[in-house]
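Me: Please take a close look at one part of this model, the helix that packs on the open sheet. Then connect that part to the rest of the chain.

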Amino acid sequence: MKRRDLLAPALLTGLDLPAHATEPLRVVASFSILADWLRVIGGDAVRVEALVGPDADAHVFTPRPSDARKLAQADLVAVIGLGFEGWMARLIKASGSRASVVIASAGIEPLKGGHGHAHDVDPHFWHDPVRTRQALHTLRDALARVRPAEAEGFARRCATYEAELMALHAQVQSWLGPVPTAQRRVFTHHDAFAYFGRAYGVKFLAIKGMNTEAEATAGSVARLIQQLQRERVRAVFIENISDPRLVQRIAAEAGATVGGRLYSDALSATGGVADSYLKLLSHNARAIATALQGQPS
Ligand SMILES: [Zn+2]
């Protein structure tokens with residue numbers, strides 16, 4: 001082998017090249033919210049794809065062959081963990097991917113699920129900005145491990161984003177602050193908002209458990225209608241990832257009106273009201289605060 005050929009691999013590592021000359025990191029996220037966080041932190045240094053896109057339900061996703069190909073080509077794969085994307089581990093294995101895998105929920109203290117369903121922990125931590133901040137740090141560090149040359153940029157963008165998120169957190173507290181405790185009850189489709197409820201002192205009732213796959217029985221629906229009437233719940237919401245008809249029927253039978261749409265497990269399509277995580281959080285909080293304040297005591 002000629003000396004020139006021996007040197008070639010070293011030149012290809014990119015260590016001696018300016019950062020802009022290297023290819024963006026290929027990052028695959030399980031779903032849209034996680035992809036948004038990675039795009040913000042990663043900036044130009046990453047190219048991020050989400051397997052489960054806007055308005056789609058990651059609980060019941062059926063991967064396509066093209067999803068396995070995306071994983072096979074990825075440098076970094078990001079998941080929420082806590083049983084949220086149960087299909088992901090098998091898909092990663094089947095794809096033969098050699099990418100690093102980062103679990104965004106690592107180190108986050110999960111809430112317990114209270115509904116006796118398959119998962120005993122609640123994966124929907126992104127509805128709590130404080131827990132999300134911890135996930136942002138985990139993602140920032142994972143990106144830096146895969147692309148150390150960009151670590152400074154990842155850290156800078158993460159810090160800016162974190163400041164925006166904490167400012168929004170304070171704003172949400174101020175929106176919900178005036179709502180009397182007795183009125184802080186919201187009804188929705190699946191049990192995705194316990195973290196929001198814990199963070200801001202709102203009680204959520206849901207038709208289904210934390211997994212959208214669980215079927216609602218006639219008996220459980222009847223009990224919910226009674227509970228809505230007994231607790232005088234007037235803030236009822238449909239979700240962007242679920243069929244709205246059951247919520248609409250329960251609301252009608254309980255004498256409540258549907259106050260709007262909450263974005264639970266997915267962003268809206270680009271151009272929609274919740275096409276970024278910050279817009280999702282802001283939209284949900286504003287809708288809930290408005291519905292609760294319009295409620296007679
Ligand atoms: Zn969910």
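Reply: What follows starts with helix 5, moves to the sheet beneath, and ends at strand 9.

The model is predicted.

Helix 5 covers residues 129-146. How far apart are its end C-alpha atoms? They are 26 Å apart. At 1.5 Å a residue, the 18 residues should span 26 Å, so the two values agree.

Many of the residues in helix 5 are buried, among them Pro-129, Arg-131, Thr-132, Ala-135 and Leu-136. Further along, Leu-139, Arg-140, Ala-142 and Leu-143 are buried as well. Two arginines are thus on the buried list, Arg-131 and Arg-140.

Next, the helix partner. The axes of helix 5 and helix 6 (residues 151-176) come within 10 Å. They cross at roughly 175°. An angle over 145 degrees counts as roughly antiparallel, and helix 5 and helix 6 are therefore roughly antiparallel to each other.

Which residues make the contact? From helix 5 come Pro-129, Thr-132, Arg-133, Leu-136, Arg-140, Leu-143 and Ala-144. On the helix 6 side they meet residues including Ala-151, Phe-154, Cys-158, Tyr-161, Leu-165 and His-169. Pro-129, Thr-132, Leu-136, Arg-140 and Leu-143 also appear among the buried residues of helix 5.

Now the sheet. Helix 5 lies across strand 1 (25-31), strand 2, strand 3 and strand 4. Helix 5 runs at about 165° to strand 4. Those four strands form an open sheet in the order 2-1-3-4, with parallel pairing. The edges are strand 2 (46-52) and strand 4 (100-103), each of which pairs on one side only. Neighbouring strands are turned by 20° against each other on average, direction ignored.

Strand 4 has strand 3 (residues 76-79) as a partner, and the two run parallel. Four bridges join them. One of the bridge pairs links Leu-76 to Ser-100 in strand 4.

The loop between strand 3 and helix 4 (88-95) holds Leu-82. Its phi is near 55°, a positive value in a residue other than glycine. Is Leu-82 buried or exposed? Leu-82 has 22 C-beta neighbours inside 10 Å, so it counts as buried.

A second backbone case sits further along the chain. Arg-232 has phi near 50°, again positive and again not glycine. Arg-232 lies in the loop between helix 8 (218-230) and strand 9. Arg-232 counts as partly exposed because it has 15 C-beta neighbours inside 10 Å.

That loop leads to strand 9 (residues 235-239). Five of its five residues are buried. In a regular strand the side chains alternate between the two faces of the sheet. Here Ala-235, Phe-237 and Glu-239 point one way, and Val-236 and Ile-238 point the other way. Glu-239 is among the buried residues.

Strand 9 pairs with strand 7 (residues 185-190) in the parallel sense, over two bridges. Ala-235 is the bridge partner of Val-186. Strand 9 also runs parallel to strand 10 (residues 258-262), joined by four bridges. There, Glu-239 is bridged to Leu-262. Between strand 9 and strand 10 the chain passes through helix 9 (residues 245-254), and this β-α-β crossover is right-handed.

To recap the part you asked about: helix 5 lies across four strands, and it is roughly antiparallel to helix 6.

Notes. Residues are numbered from 1 along each chain as its sequence is written. This is a predicted model: local features need pLDDT of at least 70, side-chain atom pairs count only at pLDDT 80 or more; totals for chains, interfaces and linings use all residues. A residue is buried if 20 or more other C-beta atoms lie within 10 Å of its own, exposed if 12 or fewer, and partly exposed in between; C-beta atoms are placed from the backbone. Two strands pair if DSSP finds at least two bridges between them. A crossover is right-handed if, with the strands pointing away from the viewer, the path from the first strand over the helix to the second runs clockwise. The expected span of a helix is 1.5 Å times one less than its number of residues. Axes are lines fitted to C-alpha atoms, for helices over the stretch in contact, and angles run from 0 to 180 degrees between N-to-C directions. Two residues are in contact if their C-beta atoms, placed from the backbone, lie within 7 Å. Angles under 35 degrees count as roughly parallel, over 145 as roughly antiparallel, 65 to 115 as roughly perpendicular and the rest as oblique.
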